[in-house]
Structures are given as C-alpha cells and as structure tokens.
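I opened the file and kept short notes on each thing I looked up. The entries follow in the order I made them.

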Amino acid sequence: SGPYRITQVDPGRTITFTSNPNYWGKDLPINMGRHNFSTIKLDYYRDQNTKFEAFKKGLYTLRTELDPTRWANSYDFSATRNALIQTNEFKHNRPSGMLGFAFNTRRPIFSDRLVREALILPLDFEWINENFFNDGYQRTQSFFDNSELAAKGAASSRERELLSAHANYLNPNILENGWQAPINGTPENARSNARRALGLLYQAGWEIVDQELRNKKTGEPFRFEILLGNRAYQRVAENYARSLKRLGIKAEVRLVEGVQYQQRIQTYDFDMAPFLWPGTLSPGNEQAFRWGSSAADQNGTYNLAGVKNPAVDQMITMIAGANTRSELVAATKALDRLLLSGSYVVPLFHQTSDRLAWWTELQHPLRSPLLGWEYEGAGFKYSAWWMSSDN
C-alpha cells in the first residue's frame with residue numbers, strides 16, 4: 001500500500017525497492033515533492049570499515065556517519081576534495097532521550113538516592129568526549145534534552161503547581177535551575193567532585209577504610225558490576241570504573257554474550273547497565289512503561305532503574321491526560337525534574353545534529369525537518385531527497 005514495492009531481494013546482501021506508479025496516495029498534498037526516486041537499493045555490510053570504503057568508491061551514495069572520530073578524521077579523501085562527495089551536519093530539534101548508566105535501585109547498594117547522586121559526580125565526560133569521540137557529543141542534561149520539553153532553568157508557575165505536593169521527591173536546586181552535569185576534565189575539578197561525592201557517601205553511611213569505601217555499620221566494601229552486552233560502551237565504562245576507584249569503589253566491567261545480556265536485563269539481574277530511553281516530542285502513557293511503579297515489578301519493561309515514586313506516577317498520569325500542548329509541556333518538565341532529582345541514571349551524551357555524506361548527484365531541500373533527516377519514523381532522506389536533473 002506504499003509508494004514503493006520490493007522488486008528484488010538477495011538475502012543478507014541487498015533489497016531493491018521500485019516506485020509504484022499506482023500508489024493510491026501519490027497525489028495527496030502531503031506527498032507533493034516526495035518519493036522522487038524510481039529505485040532505492042539498500043546494501044548490507046557486516047563490517048563498518050568495509051562499508052566506509054565502499055562509500056568512498058561510490059558503491060552507495062548516501063551515508064549517515066555515527067562515529068564522531070571517523071567524521072572528524074576520515075573524510076579528507078579524493079572524492080571530497082574534488083567535491084564529488086559533500087558532507088554536512090544538519091542541526092535538528094529531535095529530543096535526545098536519555099542514554100546513561102542505569103542504577104538498579106532494587107539492589108540495596110543503590111537504594112539510597114545520596115549514593116546515586118554521589119556516583120554521578122566522578123564520570124569524566126570532558127576527558128571521554130575529547131579522547132574517545134573528538135568532542136563529537138554534548139553532555140545530556142535532561143531526559144528530554146534538545147527540545148522544549150527539557151526542564152532547563154527555573155520551573156514555571158504551572159510546573160510548581162504540579163509539584164507543590166511532592167517536595168519530598170524534589171531537589172530544590174533542580175526546581176530552581178534544572179540539573180547541571182558535573183564538570184570534570186581537569187585534576188582540580190576531578191578532586192572537587194571526588195570530595196563532594198565522598199561527602200554524600202559519608203552521609204549515606206559509607207567511609208574510607210584503608211583506601212577502600214566500606215559501610216560504617218557492616219564493614220561491607222562498596223563493589224558492583226557494570227553489565228555490557230556489546231563493546232560499544234566498554235571504553236566509557238572502563239574509564240568510569242577507574243574514576244570510581246579513586247573513591248575506593250570497585251566497579252567491575254563485565255561483557256557477556258547477547259542472549260545472556262538480554263535475559264539479565266529483562267529480569268533486572270544487574271547492578272548497573274547502559275541503556276537508551278529514546279526521546280519523543282509527544283510523550284504519553286509509554287512513560288509508565290519506563291518509569292511507572294507498576295512497571296518496576298514486571299519483567300521486560302523499560303523501568304530498568306526500578307523507579308517507584310508516587311510523584312512520578314502522578315506526572316505520568318498528567319502527561320497521558322493532557323488536553324493542550326502547554327499542559328503536556330508543563331507535566332513533562334515536571335516529570336523531568338522528578339527523574340533528575342531521583343538520580344536514577346548517570347547521564348552520558350547525545351548529538352544535536354545529523355552527520356550525512358552523499359555523492360553530489362543527490363540533492364536535498366534547503367530546509368531540514370524539525371526532527372532531522374535521521375528521524376526514523378518518517379524516512380525523510382528517502383522521501384524528500386532527489387537525483388539531480390542530469391542523473
């Protein structure tokens with residue numbers, strides 16, 4: 001029923017789509033200027049380096065670059081120097097979502113908010129971003145960063161009204177200023193954040209004994225595991241573990257095969273794990289699946305952190321029942337402040353632009369979509385771009 005039909009399949013290698021001249025919606029106003037290619041062929045590659053070399057040779061014509069290091073260092077070759085390939089970063093207003101290391105608050109070691117707040121401080125994003133990613137990312141400061149839904153600055157009067165009955169679950173500083181990620185990157189900043197972290201841990205009942213963080217009452221050492229299902233976040237996790245070691249904390253980074261990882265994540269059999277909660281400009285009752293109290297006790301939900309917070313539950317209800325955009329925005333910002341106050345995640349990073357490279361026979365509109373060319377829900381690249389008139 002769509003504008004293209006599958007006309008050829010080579011399993012594991014290519015799929016070819018050909019324009020359907022009898023597409024029922026081709027003359028609708030919403031489709032004017034779209035679906036311009038007569039043929040779209042998708043090629044599959046198992047290896048990223050091989051895939052990049054194929055692009056350089058013209059074996060495919062449009063590429064999204066997800067590796068900031070490759071983007072910074074590997075696009076100076078003959079085709080780009082001769083303007084046969086163009087590259088650009090297209091800014092977007094797509095909500096970042098939250099990529100971070102999730103605390104499993106079902107574990108006693110992470111049940112105290114002060115402990116979680118302390119463990120957010122040592123992550124050295126500045127060093128990680130510079131040395132691993134060529135400064136290609138921005139630190140995530142909100143569960144809805146890069147959008148109007150992010151709780152930045154002082155709360156509005158409507159947000160304060162929604163949160164008035166939930167002061168016990170709210171960090172006053174986040175109410176007034178939003179959440180500001182700790183800045184490391186220098187020895188001085190790292191020492192300052194370490195002192196702050198140790199102060200919070202001391203309040204929570206932990207102290208340094210013989211260069212090891214131990215529980216004041218039981219003498220139990222502070223140890224936990226960071227569970228990984230692939231190598232994508234291994235360098236970041238290992239760097240974070242080294243930062244925690246300076247606090248007397250032993251964090252073991254454990255990489256397991258995919259099936260075991262999935263089973264452990266679905267049954268919440270982990271201490272800490274990286275996870276991405278995707279962003280949306282239209283949040284709704286899916287937030288209950290991510291943060292609702294009822295989801296915390298059901299296997300297989302996205303409430304990896306085990307959030308059980310009546311204030312969060314109420315904000316989710318307000319979001320799902322909002323009748324106007326302004327009400328939705330206020331309730332989402334209020335939810336954001338509550339989640340940030342709970343310190344359920346060690347926030348990592350996100351991109352605010354889509355990095356694209358293409359052979360110059362491809363053309364694109366001057367104006368980018370609000371959600372960017374990479375928004376998967378609309379497939380803008382394939383529906384709004386076109387071939388130049390001489391191709």
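Before the cavities I need one term: helices (at least four residues) and strands (at least two) are DSSP runs, numbered from the N terminus. I also note that this is a predicted model.

**Cavities**

I searched the whole structure and got 2 cavities of 30 Å³ or more. I took the second largest cavity to begin with; its volume is about 40 Å³. Which elements each supply at least two residues of its lining? I found that helix H14 (325–342) and strand E13 (345–347) do so. I listed the lining of the second largest cavity as Ile-120, Phe-143, Trp-179, Leu-339, Leu-340, Ser-343, Tyr-344, Val-345 and Pro-347. Sorted by class, that lining has 8 nonpolar residues, 1 polar residue and no charged ones.

I then went to the largest cavity, which holds about 60 Å³ of space. Its lining consists of Gly-97, Met-98, Phe-143, Phe-144, Trp-277, Pro-278, Gly-279, Thr-280, Gln-287, Arg-290 and Trp-291. Which helix gives the largest share of this lining? I recorded helix H11 (residues 286–291), with 3 residues. By class I wrote down 6 nonpolar, 4 polar and 1 charged for the largest cavity. Phe-143 appears in the lining of the largest cavity and again in the lining of the second largest cavity.

**Salt bridges**

I counted salt bridges next and arrived at 25. The background is that side chains of opposite charge can pair when their charged atoms come close. I looked up some of the pairs one by one.

I started with Glu-176 and Arg-160, whose side chains meet in a salt bridge at 3.0 Å, N to O. Glu-176 lies in helix H7 (residues 172–177) and Arg-160 in helix H6 (residues 157–163), so this pair ties together parts 16 residues apart in sequence. Glu-176 counts as partly exposed because its relative accessibility is 37%. Arg-160 is partly exposed as well, with a relative accessible area of 30%.

I then checked Arg-223, which forms a salt bridge with Glu-212; their closest N and O atoms are 3.1 Å apart. Arg-223 belongs to strand E10 (residues 223–228) and Glu-212 to strand E9 (residues 212–215), so the pair ties together parts that are 11 residues apart in sequence. Are the two partners buried or partly exposed? I have Arg-223 as partly exposed, with a relative accessible area of 47%. Glu-212 counts as buried because its relative accessibility is 18%, and the cut-off for buried is under 20%.

My next pair was Arg-264 and Glu-225, a salt bridge with the closest N and O atoms 2.9 Å apart. This pair links distant parts of the chain, with Arg-264 in helix H10 and Glu-225 in strand E10, 39 residues apart. I noted Arg-264 as buried, and Glu-225 likewise. Both residues also sit in a network of salt bridges that links Arg-107, Glu-225, Arg-254, Arg-264, Asp-269 and Asp-271.

**Backbone angles**

I looked for positive phi values, since most residues other than glycine have a negative phi. Asp-135 has a positive phi near 55° and is not a glycine. I located Asp-135 in the loop between helix H5 (125–133) and strand E7 (138–139).

Tyr-268 is another entry, with a positive phi of about 60° although it is not a glycine. Where is Tyr-268 placed? I found Tyr-268 in the loop between helix H10 (258–266) and strand E12 (272–277). Tyr-268 counts as buried because its relative accessibility is 5%.

**Surface**

I looked up a nonpolar patch on the surface formed by Trp-24, Leu-28 and Ile-30, which together have about 370 Å² of accessible area. I placed Ile-30 in the loop between strand E2 (14–19) and strand E3 (39–43). Ile-30 is exposed, with a relative accessible area of 62%.

My last entry is Lys-245, which lies in helix H9 (residues 234–245). Is Lys-245 buried or exposed? Lys-245 counts as exposed because its relative accessibility is 64%, and the cut-off for exposed is over 50%. I also noted that Lys-245 and Arg-191 are 54 residues apart in sequence and 13 Å apart in space, C-alpha to C-alpha.

Terms used
Residues are numbered from 1 along each chain as its sequence is written. This is a predicted model: local features need pLDDT of at least 70, side-chain atom pairs count only at pLDDT 80 or more; totals for chains, interfaces and linings use all residues. Side-chain values use heavy atoms; hydrogens and water are left out. Buried means under 20% relative accessible area, exposed over 50%, partly exposed in between (1.4 Å probe, protein chains only). Patches are made of residues with over 30% relative accessible area and no salt bridge: like charges are joined within 9 Å, nonpolar side chains (Val, Leu, Ile, Met, Phe, Trp, Tyr) within 5 Å. Accessible areas come from the Shrake-Rupley method with a 1.4 Å probe; for residues, only the protein chains shown count as cover. A salt bridge is a side-chain nitrogen of Lys or Arg within 4 Å of a carboxyl oxygen of Asp or Glu. On a 1 Å grid over the protein atoms alone, a cavity is a set of points where a 1.4 Å probe fits but cannot get out, and a pocket is an open set with protein on both sides within 12 Å along at least five of seven lines; lining residues have an atom within 4 Å of a point. Grid points are joined across faces, edges and corners, and a volume is the space filled by probe spheres set on the points. Ala, Val, Leu, Ile, Met, Phe, Trp, Tyr, Cys and Pro count as nonpolar, Asp, Glu, Lys and Arg as charged, and the others, Gly among them, as polar.
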